[in-house]
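Visitor: I should like a close look at the side-chain contacts of this model, beginning with the charged pairs. Please take me through them in one connected account.

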Amino acid sequence: MSARTVTIQYNDKVVRQFLLASVIWGAVGMLVGVIVATQLNAWRVNFDLPWLTFGRLRPLHTNAVIFAFVGNMMFAGVYYSTQRLVKARLASDFLSSLHFWGWQAIIVAAAITLPLGFSRGKEYAELIWPINIAVAGIWVVFAVNFFWTLAKRHERALYVAIWFYIATIITVAMLYIVNHLSLPTSLTHSYPVFAGVQDGLVQWWYGHNAVAFFLTTPILGIMYYFVPKAAERPVYSYRLSVIHFWSLVFVYIWAGPHHLLNTALPDWLQVLGMTFSLMLWAPSWGGMLNGLLTLRGAWHKLRTDPVLKFFAAAVTFYGMATFEGPLLSIKAVNALGHYTDWIIGHVHAGALGWNGFMAAGMIYWLLPRLWNKPLHSVSLANTHFWIGTVGILLYVAAMWVSGITQGLMLNATVEGGTVLAYPNFLDTLNAIKPMMFFRIIGGGLYLVGWLLLAYNVWKTISGAKVVDGAAEVLVDDTPSPRVGAVGTFLNPPVVFSVLGTLFACAWMFGGDVLRLLGLFGTITSVILAWLHFEAKIRGWAEWYERLLVNAAPFTVLTFLAVAAGGMIQIIPTVIAQRAQNVEDRIQVPYTPLELAGRDIYIKEGCYNCHSQMIRTLVPDVLRYGDYSRLGESIFDYPFQWGSRRIGPDLARVGGKYSDSWHYQHMLDPRSLAPGSNMPNYPWLFTQKTDLAALPAKLRVMRTLGVPYAEQTPEEIQAEALAQGERIVAGLREAGLHTAPDREIVALIAYLQKLGKSEAVPASLGRKSEGQRSQVATASAAPTP
């Protein structure tokens with residue numbers, strides 16, 4: 001067929017909308033971040049108001065930065081680059097507009113509900129179920145618009161950036177849907193379908209890979225488009241980009257369990273998570289080097305071009321963060337760094353150094369092209385770069401020092417490892433307060449830099465005339481070569497990959513004989529694949545070239561690559577970790593009042609500061625008591641193992657203190673713990689517990705398998721009030737007064753239940769794979 005020329009008018013309106021939204025929400029998210037950092041150093045900044053406490057604002061900060069700031073920047077970059085890479089206008093103006101306004105509505109809904117305490121209690125997944133449905137719906141809109149555009153493309157082959165966008169769209173959908181599966185109890189409340197170790201594994205399969213496929217892969221795609229454009233240089237190595245993509249999307253998905261090292265998570269999953277995390281060094285640094293070496297021959301431009309400054313620094317921060325992540329997944333290092341500010345520094349190096357600087361570089365590059373006007377001030381953009389760089393370096397360095405200091409203090413023992421060197425948790429908190437102050441300064445500087453960007457944007461677009469890009473495209477109607485099911489799956493690259501993965505699984509998870517066969521099979525598969533590649537390199541290349549002109553088979557293979565790791569980890573855990581398979585003890589279900597108290601604990605965001613998981617480490621056992629068992633959280637919907645200890649672990653706090661102690665501690669923490677940075681919670685003493693919601697909550701719990709007896713709503717409320725009366729009577733004897741239906745009473749009931757379990761008959765229980773003799777010895781020692 002003959003070729004013809006057509007004129008493409010790109011839809012850059014939606015790009016401008018997402019770009020401006022990213023600037024605005026970025027400032028909001030960073031401002032809230034500075035506020036919560038200040039609250040950690042000055043508890044009065046909580047203002048004794050429920051919607052301004054650290055526990056409620058911290059989820060607002062994380063969601064604003066991830067989904068509002070980076071999300072809007074990502075959509076702007078994806079929509080701008082995709083149209084030009086496939087030489088086609090976005091398929092639907094309506095879907096583009098619906099995507100933008102729907103996403104902003106979701107952000108506003110989150111900004112309202114999170115400070116009000118409506119939360120699912122899971123990090124990066126706090127949004128209530130109606131908003132989650134909206135997120136899934138708008139993500140489908142994005143996916144339809146994107147893949148529809150690919151179907152209409154005039155450029156046959158898919159460029160590397162498109163690969164990363166495809167992986168992002170399908171993987172985020174999979175992660176988000178699975179982790180947010182819930183049974184509603186009301187319009188604003190639900191319980192996840194997973195509990196305990198299952199919920200922990202699913203949560204960090206999602207949490208870790210949300211970082212991978214929302215904050216990394218789409219930004220890598222943006223890197224592969226905008227860095228060559230800004231540097232006016234081609235990508236350094238196409239072959240390296242192929243290896244980078246497939247190894248990253250396959251390996252990343254397996255690494256989630258490294259967030260749960262030394263916990264009650266089965267040992268095979270911990271080993272799996274650590275192993276694949278270490279493997280991530282190779283593809284991550286391959287991508288970093290591909291990005292930096294793309295700047296070859298353009299380094300002289302960095303002296304004057306702020307765009308290249310931001311891109312070079314962003315890719316460097318990506319390399320730093322992806323070196324640090326695998327390092328922190330090593331069990332010994334994790335024992336030191338987990339639950340401390342070291343993790344916070346690591347996360348912010350990625351979010352602000354990698355994502356934030358990529359966003360700034362992209363915005364500065366796009367402004368003149370979207371508004372047909374030169375950037376208002378290049379010198380101001382350079383100033384932004386240096387202020388932001390100093391800010392993030394100061395922030396990360398402070399968190400490194402803070403985290404390592406606190407980790408060393410919390411793990412320090414004397415007298416042959418039998419006594420804690422710092423038994424008072426507040427000693428460690430007071431030791432790191434100077435670093436927490438430097439954190440405020442670093443974050444404040446970064447915010448100031450971003451405000452300079454916002455001012456530069458405003459001055460640039462003021463009075464400017466918007467312009468949509470256009471291009472003359474030569475259209476060839478000759479059909480592209482097709483890749484059917486046989487060509488997609490029955491080819492050497494896929495066959496060798498599948499065989500290698502199956503043999504590797506047998507090597508890692510099988511018995512002695514199967515492990516030996518698996519090791520032999522893995523080595524053989526790798527050798528044969530390499531030999532075949534060297535002998536038939538042209539055949540491999542031709543197959544991949546055919547695959548790149550067929551978006552559907554490419555998408556299917558990408559989905560299988562990312563889904564394999566999740567299925568191998570999650571399905572055995574969901575099937576096997578039942579009540580009959582726990583170790584020596586099992587959790588006692590909460591009473592109705594205790595369940596209500598647990599929901600109050602989640603509403604106030606207490607999981608942001610306290611863990612409920614005593615690790616299989618001697619210092620943890622000496623400080624908090626016997627290490628946590630798998631069965632002790634088997635009815636926890638959601639799990640509350642936590643990821644940060646701004647306060648002590650609460651897994652065995654039940655019965656450790658009196659009801660009156662908890663009462664006074666929630667009213668004025670410093671009256672019992674001088675130096676504490678915990679907020680006051682005066683509203684808990686006036687607000688009533690929502691007892692009317694308990695029947696629906698217990699009904700859902702029974703559906704999920706918690707052994708609750710059938711009761712009428714009246715019986716449930718009567719039981720809750722009776723337990724509340726007993727607590728109130730005890731408080732009255734201590735000279736403290738409240739009503740049995742107040743939230744403080746329900747919260748006390750919940751806290752006093754923590755750590756309560758019952759023995760499992762030896763015939764049903766089984767030994768924990770993670771037990772060690774030294775932990776058992778420490779468990780027998782009295783808790784200081």
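Guide: Across the whole structure, which is a predicted model, a search finds 25 salt bridges. Side chains of opposite charge can pair when their charged atoms come close. One such pair is K301 with E232, whose side chains meet at 3.0 Å, N to O. This pair links distant parts of the chain: K301 belongs to the loop between helix 10 (281-293) and helix 11 (306-328), whereas E232 belongs to the loop between helix 7 and helix 8 (238-252), 69 residues apart. E232 is exposed, its relative accessible area being 59%.

A buried example is provided by K697 and D599, which form a salt bridge of 2.8 Å, N to O. Because K697 lies in helix 25 (residues 694-704) and D599 in helix 22 (residues 592-603), the pair ties together parts that are 98 residues apart in sequence.

R645 and D620 form a further salt bridge, with the closest N and O atoms 3.1 Å apart. R645 is in the loop between helix 23 (618-624) and helix 24 (659-667), and D620 is in helix 23, so this contact ties together parts that are 25 residues apart in sequence. R645 and D620 are both buried. In addition, salt bridges that share partners join D584, R585, D626, R629, E632 and R652 into one network.

The aromatic rings come next. The count comes to 56 aromatic pairs. Among them is the pair of Y80 and Y225, which is edge-to-face, with 6.3 Å centre to centre and 70° between the planes. Y80 in helix 2 (residues 54-86) and Y225 in helix 7 (residues 217-231) are 145 residues apart, and their pairing links distant parts of the chain. Both Y80 and Y225 are buried.

Y80 also has a charged neighbour: the charged end of R84 sits over the ring of Y80, 3.6 Å from its centre. A further contact of a charge with a ring involves R369, which lies over the face of W365 at 3.8 Å from the ring centre.

Finally, the cysteines. The structure holds zero disulfides. C606 is in no disulfide, and the nearest cysteine sulfur, that of C609, is 7.6 Å away. Conversely, C609 has the sulfur of C606 as its nearest cysteine sulfur, at 7.6 Å, and is likewise in no disulfide. Since a disulfide requires the sulfur atoms to be within 2.5 Å, this separation of 7.6 Å does not qualify. C606 is buried, with a relative accessible area of 12%, and C609 also counts as buried, at 17% relative accessibility.

Key. Residues are numbered from 1 along each chain as its sequence is written. This is a predicted model: local features need pLDDT of at least 70, side-chain atom pairs count only at pLDDT 80 or more; totals for chains, interfaces and linings use all residues. Side-chain values use heavy atoms; hydrogens and water are left out. Rings of Phe, Tyr and Trp (its six-membered ring) pair if their centres lie within 6.5 Å; planes under 30 degrees apart count as stacked, over 60 as edge-to-face and the rest as tilted. Helices (H or I, at least four residues) and strands (E, at least two) are DSSP runs, numbered from the N terminus. Buried means under 20% relative accessible area, exposed over 50%, partly exposed in between (1.4 Å probe, protein chains only). A charge sits over a ring if NZ of Lys or CZ of Arg is within 6 Å of the ring centre and within 35 degrees of the ring normal. A salt bridge is a side-chain nitrogen of Lys or Arg within 4 Å of a carboxyl oxygen of Asp or Glu.
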